[in-house]
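Student: I've got a structure open and I'm not sure how to read it. Could you walk me through a few features?

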Amino acid sequence: LRNLTLLSLANYGTVGLFDEVTDGGVIRNLHLENLDLTGGADVGGLVGLLQDSTLSNCTVSGSVKTEHDSGMLGGLVCQATNSRIEDCRNYVALSGTDSTGGIVAQASNCTLERVYNYADISETGGYGAGGIVGYLSNGGSISQAVNCGTVSSKSVYNTGGIVGRISSSSSSTNKVTALDQCTNLGAVSGGSSMASAGGIVGAAECGTDAVVNITNSVNSGRVYLSTAGKIGGILGQFYDGTLTVKNCANTGQLHFAKVSSDKYAGGVVGYIMYSNAVLVVENCYVTGFPTMTGSNYATEQSEIFGRLYGGSQYNIDRTFTNCYSNAASTYVDKNKQPCTYVSNMNQQEFADTLNANIEGQEGLLAWQLDGEVNGGYPILVWQKLAEGQSEHTLEKTTVVAPTCTEQGYTIYTCTA
């Protein structure tokens, strides 16, 4: 469907090409090219509200906007609940004023698989900005997701390459949130006081019984805050519950502007809010060291874990197993628990070490070297083949869409 224009849609509720798809509805193989859609409230390029339904093999390109000063904005879906979204792509640059996401603005207990954002995402207020999902609540899962665009925010607390904000409370029906095989290639930046920014997730605001698992994922985008706050290569800030980060890597630079205080950074996790949280980091590697304009260091920083609120970071239940860094200072946190210094991470021997640490780590989840991508550091096999016939070059080349017509963006080359 090409060159469709929908302007001045309702200034209340959720709107899209389809305002609501509910009760087992299915939209499949729908591609909107050069869409021009403007709504007065909460807007999704394809669907306003997706509830108990499925969206499969759909793409959107063109322009999708909201005119509301606190409107949610999603490239394909505005709000999704108890639904499945698979094999979908967004080519629309989004500028939202509330939760903003390349695929969906807000998702509650949803499953997203093989989803890709190729456009820049920005937000000026609200719950969170993410390359794939702005605000993810009540559990759910995201797998085989790639963000290629920059994700930036102003007056927003949570900004992430894949998800801006995760939320799970004691009343959530599903308390488990899982992100697997996610890659962020775009720069992530925030500008709100005491903001959180992460290469994969900006912040996870969870209750004591919540579980967040981030596995087999890589961030190579720069993570930057122009204000005081928390930044992490994988996750910026975690509140409570159990967080497991396994078989992940951060090769993106972590950087603060020159601000006076309260700057916390970690190569994997920047900050944990409560001392009864549980943190498990296994078989992860990071490159470089967090930096700040005009100074060498943030207030508190480390290769793996930055700080626990209140300074009682020694009390947190944390386990670090097979953590690696190529930075000169080799500590996983301020307690000086050592991680392993590796000077030659761009060698096959290091990839073999990562694979040997995880039982059954083979096939698409094995680490490999490709000298032309990721700075020569190991990547997971799935990153090269995450879109079926499309090959991820991880370099800035011309994007060719599934129809093999040039889209003028960067990162991917179609081999179909």
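Tutor: Sure, let's go through burial, contacts, cores and disulfides, keeping in mind that this is a predicted model.

Student: Okay, where does Ser 56 sit, and is this residue buried or exposed?

Tutor: Look for strand β8, residues 54–56, and you'll find Ser 56 there. Buried means under 20% relative accessible area. Ser 56 has 6% relative accessibility, so it counts as buried.

Student: Which residues does Ser 56 touch, leaving out those up to four places away in sequence?

Tutor: Its contacts are Ile 27, Arg 28, Asn 29, Glu 86 and Cys 88. Sequence distance and space are separate things to check, too: Glu 113 is 57 residues from Ser 56 in sequence, and their C-alpha atoms are 9.6 Å apart.

Student: What about the largest nonpolar core? Which members touch the most others?

Tutor: That core has 69 residues, and the ones touching the most other members are Leu 55, Ile 85, Leu 112, Ile 142, Leu 179 and Ile 214. Strand β15, residues 104–117, gives the most to this core, with five residues. Apart from it there's another core of 18 residues, including Tyr 118 and Trp 367.

Student: And how many disulfides does the structure hold?

Tutor: A disulfide is a covalent bond between the sulfur atoms of two cysteines. Here the count is zero.

Student: Are Cys 78 and Cys 206 buried or exposed?

Tutor: Use the burial idea again. Cys 78 counts as buried because its relative accessibility is 0%. Cys 206 is at 8%, so it counts as buried too.

Technical notes: Residues numbered from 1 in each chain as written. Predicted model: local features only at pLDDT ≥ 70, side-chain atom pairs only at ≥ 80, totals over all residues. Heavy atoms only, no water. Helix = DSSP H or I, 4+ residues; strand = E, 2+ residues; numbered from the N terminus. Buried < 20%, exposed > 50% of the residue type's maximum accessible area, 1.4 Å probe, protein only. Contact = heavy atoms within 4.5 Å. Core = buried A, V, L, I, M, F, W, Y, C linked by side-chain atoms within 4.5 Å. Disulfide = S-S within 2.5 Å.
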